[in-house]
Amino acid sequence: MEIELLTVGKTTIRFVIDGIEEYTRRLKHYIPYSIRTIPDIKNTSKMDQAKQKEEEGKKILEAVSNSDYVVLLDEHGKQYGSMEFSAFIEKQMVAGRRKVIFVVGGPYGFSKAVYDRADSLLSLSKMTFNHEMVRLFFTEQVYRAMTIMRGEPYHHE
């Protein structure tokens, strides 16, 4: 199985980039993992929030295929502890999924069309995080999930 994190907009914060690179490097030992970035929408100052979500949504939907299992990182999604998230990932592997795509939306969230396409919603926390930080937190949690599956000592319960 392959895991992809699909994001809207570049990661620009240096320490976040460094952290993502570190955990992505570690993940290569366990599972194919990648981050794909959809460019920011241009001329957003001339758009209302709904139009921006709609335009970002079109790009998100173009980036996923019908066979992909799509999970939106969304404040209204299911929350897991690290052990439960590891079990969720393992369940996707056992189900024979070829590719699971986790999606971080733009600043205003997702369009209705993207919600309609999603197979699942996942919330990392009840707190709100900077979208760039979410990329690092999520990548670390995927790494943690893999070490839990392997019984390695990274996670302590």
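Trainee: Let me start with one residue. In which helix is the place of T147?

Mentor: T147 sits in helix α5. Keep in mind that we're reading a predicted model here.

Trainee: Is T147 buried or exposed?

Mentor: The general idea is a cut-off: buried means under 20% relative accessible area. T147 comes out at 1% relative accessibility, so it counts as buried.

Trainee: And which residues does T147 touch, leaving out those up to four places away in sequence?

Mentor: Its partners on that basis are Y30, E152, Y154 and H155.

Trainee: Let me try S120. Where is it found, and what does it touch?

Mentor: S120 belongs to strand β5. At 18% relative accessibility S120 still counts as buried, because the limit is 20%. Skipping residues up to four places away in sequence, S120 touches Y69, V70, V71, L72 and F88.

Trainee: What would an exposed case look like?

Mentor: Exposed means over 50%. Take D116, which lies in helix α4, residues 112-117. D116 has 54% relative accessibility, so it counts as exposed. You can also set sequence distance beside spatial distance: D116 and T44 are 72 residues apart in sequence, and their C-alpha atoms are 24 Å apart in space.

Trainee: Now a whole helix. How many residues does α3 have, and how far does it reach?

Mentor: A quick check is to compare the end-to-end span with the expected one. Helix α3 covers residues 82-94, which is 13 residues, and reaches 18 Å from its first C-alpha to its last. That is close to the 18 Å expected at 1.5 Å a residue.

Trainee: Which residues of α3 are buried?

Mentor: They are S82, F85, S86, F88, I89 and Q92. Look down the axis of α3 and these buried residues fall within an arc of 155°, so they line one face of the helix.

Trainee: What do the buried residues of α3 pack against, and what does the face turned away carry?

Mentor: The buried residues pack against the strands β1 (2-8), β3 (69-79), β4 (99-104) and β5 (120-123), and against α5 (131-149). The face turned away from the buried side carries the exposed residues K91 and V94.

Trainee: What follows α3?

Mentor: G96 does, and its phi is positive, near 80°.

Trainee: On to pockets. What volume does the largest pocket have, and which residues are closest to its centre?

Mentor: With a pocket, I'd go through volume, lining and chemistry. The largest pocket has a volume of about 440 Å³. It is lined by 22 residues, and the closest to its centre are L73, D74, E75, T128 and H131. The elements that give two or more residues to this lining are β3, β5 and α5, and β3 gives the most, with four. By chemistry, the lining of the largest pocket divides into eleven nonpolar, eight polar and three charged residues.

Trainee: And what lines the second largest pocket?

Mentor: This pocket holds about 200 Å³ of space. Its lining includes Y23, Y80, G81, S82, F85, L122, S123 and L124, along with L136, F137, E140 and Q141. α3, β5 and α5 each supply at least two lining residues, and α5 gives the most, with four.

Trainee: How do the lining residues of the second largest pocket divide into nonpolar, polar and charged?

Mentor: Seven are nonpolar, four polar and one charged. Notice S82 and F85 here: both line this second pocket, and both are among the buried residues of α3.

Methods. Residues numbered from 1 in each chain as written. Predicted model: local features only at pLDDT ≥ 70, side-chain atom pairs only at ≥ 80, totals over all residues. Heavy atoms only, no water. Expected span 1.5 Å × (residues − 1). Buried < 20%, exposed > 50% of the residue type's maximum accessible area, 1.4 Å probe, protein only. Arc of directions from axis to C-beta. Contact = heavy atoms within 4.5 Å. 1 Å grid on protein atoms, 1.4 Å probe; cavity = no way out; pocket = protein on both sides within 12 Å on 5 of 7 lines; lining within 4 Å. Points joined across faces, edges and corners; volume = space filled by probe spheres on them. Nonpolar A, V, L, I, M, F, W, Y, C, P; charged D, E, K, R; others polar.
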